[in-house]
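Open the model in your viewer and keep the selection box handy. We will go stop by stop, picking residues and looking at what surrounds them.

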Amino acid sequence: MEQREFGSTGLKVSILGLGAGQIGDARHSEDLAGTLMNRALDSGVTLVDTARGYGLSEERIGRHLSWRRDDFILSSKGGYGADGATDWTPAAIRLGIEQALKRLRVDWIDIFHLHSCPLEVLHQGELLAALDDAREGGLIRVAAYSGENEALKYAVTSGRFGSVETSVNLADQWSAQYILPLAREAGLGVIAKRPIANAAWQYAQRPTGQYAETYWERLGRLDLDAVRQGAGLDWDEFALRFSAYTPGVHSAIVGTASVDNLERNIELVQRGPLPLDVLTHIQAAWDEHGKGWAGEV
């Protein structure tokens, strides 16, 4: 699988990364989690992305992947949920990283994100100084930010972060339009989350109150189904190849609890970018309907 230079961080990441949120769900077995994660690494996936808020995810990565620490780039997120600390404080950063290392059973985290940290908090120099201390102490390699919109723009232009994670998909192109060019200029690594737009196309009716509702509405307004069918593509291929090959993206992370879906995603992403005429139609639809849409948080 294609490996990409991750901005100017010195890291290399696979074009397809594994979003480890679903494997943190306690309804899924340990055997499934271990099999899926090891299959991903065996197939050339070298980026594994998790977070403090993803249930059992960090613990399961520790149990099933820590013995292969040199085989993958580990990305996690925090700033909240640290035992013994108030959220979004220097103590939450320091203790959160230390506690994550224990759960993950590793000595360092390659990329550590402030996870949807509010803009006003990002202006607090002591919080960012705590990230600097963790990097200088060898606990993390890259200080990063995960989020959207104006907070993301501040993070990219602040000079304090080495990478960012943001939504990039057919129904969510704000970052692709306004942030990724800035990130390229700054030499930042970029992880694209939600690359398949929460698979919103699978719902015949509006999924009211569900995670995919906003993307379902946006895809309906973009009206890309004729473009997709004309290219002879299933929705998952249409969406994933768009996101993974958006200029400025280094890795697109897809979460799954299915080995079959994992293997299909690997196959799809290796088919390369969408044809230019298809991309032209997508851009025209976005220019007509989507330019006022902010990034989905």
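Below is a short tour of this predicted model, with a selection to make at each stop.

**Stop 1: helix α1 and helix α12**

Start by selecting residues 30-42, which form helix α1, and then add residues 259-269, which form helix α12. The axes of these two helices come within 10 Å and cross at roughly 15°. Because angles under 35 degrees count as roughly parallel, α1 is roughly parallel to α12. The crossing of α1 past α12 is right-handed.

Now show the side chains where the two helices meet. On the α1 side, pick T35, L36, R39 and A40; on the α12 side, pick V259, L262 and E263. If you colour this contact between α1 and α12 by residue class, you should find four nonpolar residues, one polar and two charged.

**Stop 2: helix α1 and helix α2**

Keep α1 on screen and add helix α2, residues 57-65. Here the axes are 10 Å apart, and the packing angle is about 65°. Angles of 65 to 115 degrees count as roughly perpendicular, so α1 is described as roughly perpendicular to α2. As α1 passes α2, the crossing is right-handed.

Which residues of α1 and α2 make the contact? From α1, select E30, A33, G34, M37, N38 and L41; from α2, select R60, I61, R63, H64 and L65. Sorted by class, the contact of α1 with α2 has five nonpolar, three polar and three charged residues.

**Stop 3: T256**

Next, select T256, in the loop between β10 and α12. Is T256 buried or exposed? Its relative accessibility is 5%, so T256 counts as buried.

Zoom in on the side chain of T256, which reaches the backbone nitrogen of S258 at 3.0 Å. Then display the contacts of T256, leaving aside neighbours within four places in sequence: L18, G19, Q22, I23, L36, N261 and L262. Two of those names may be familiar from the first stop, where L36 of α1 and L262 of α12 took part in the helix contact.

**Stop 4: H250**

Move on to H250, which sits in the loop between α11 (235-244) and β10 (251-255). With a relative accessibility of 13%, H250 counts as buried, because the cut-off for buried is under 20%.

Two distances are worth drawing from the side chain of H250. One goes to the backbone nitrogen of V190, at 2.9 Å. The other joins a polar atom of the H250 side chain to the backbone oxygen of E5, at 3.4 Å.

To see the surroundings of H250, select R4, E5, F6, G7, V13, S14, I15, L188, G189 and V190; H250 touches each of these, and residues up to four places away in sequence are not counted.

**Stop 5: A197 and N198**

For the last stop, select A197, found in the loop between β9 (189-193) and α9 (213-222). What is the phi of A197? The angle is near 55°, a positive value in a residue other than glycine. At 2% relative accessibility, A197 counts as buried.

Then click on N198, which also lies in the loop between β9 and α9. N198 is not a glycine either, yet its phi is positive, at about 55°.

Terms used
Residues are numbered from 1 along each chain as its sequence is written. This is a predicted model: local features need pLDDT of at least 70, side-chain atom pairs count only at pLDDT 80 or more; totals for chains, interfaces and linings use all residues. Side-chain values use heavy atoms; hydrogens and water are left out. Axes are lines fitted to C-alpha atoms, for helices over the stretch in contact, and angles run from 0 to 180 degrees between N-to-C directions. Helices (H or I, at least four residues) and strands (E, at least two) are DSSP runs, numbered from the N terminus. Angles under 35 degrees count as roughly parallel, over 145 as roughly antiparallel, 65 to 115 as roughly perpendicular and the rest as oblique. A crossing is left-handed if the near helix is turned anticlockwise from the far one by less than a right angle, and right-handed if clockwise. Contact means heavy atoms within 4.5 Å. Ala, Val, Leu, Ile, Met, Phe, Trp, Tyr, Cys and Pro count as nonpolar, Asp, Glu, Lys and Arg as charged, and the others, Gly among them, as polar. Buried means under 20% relative accessible area, exposed over 50%, partly exposed in between (1.4 Å probe, protein chains only). A polar contact is a pair of N or O atoms within 3.5 Å; within protein, one must be able to donate a hydrogen and the other to accept it, and residues adjacent in sequence count only if both atoms are side-chain atoms.
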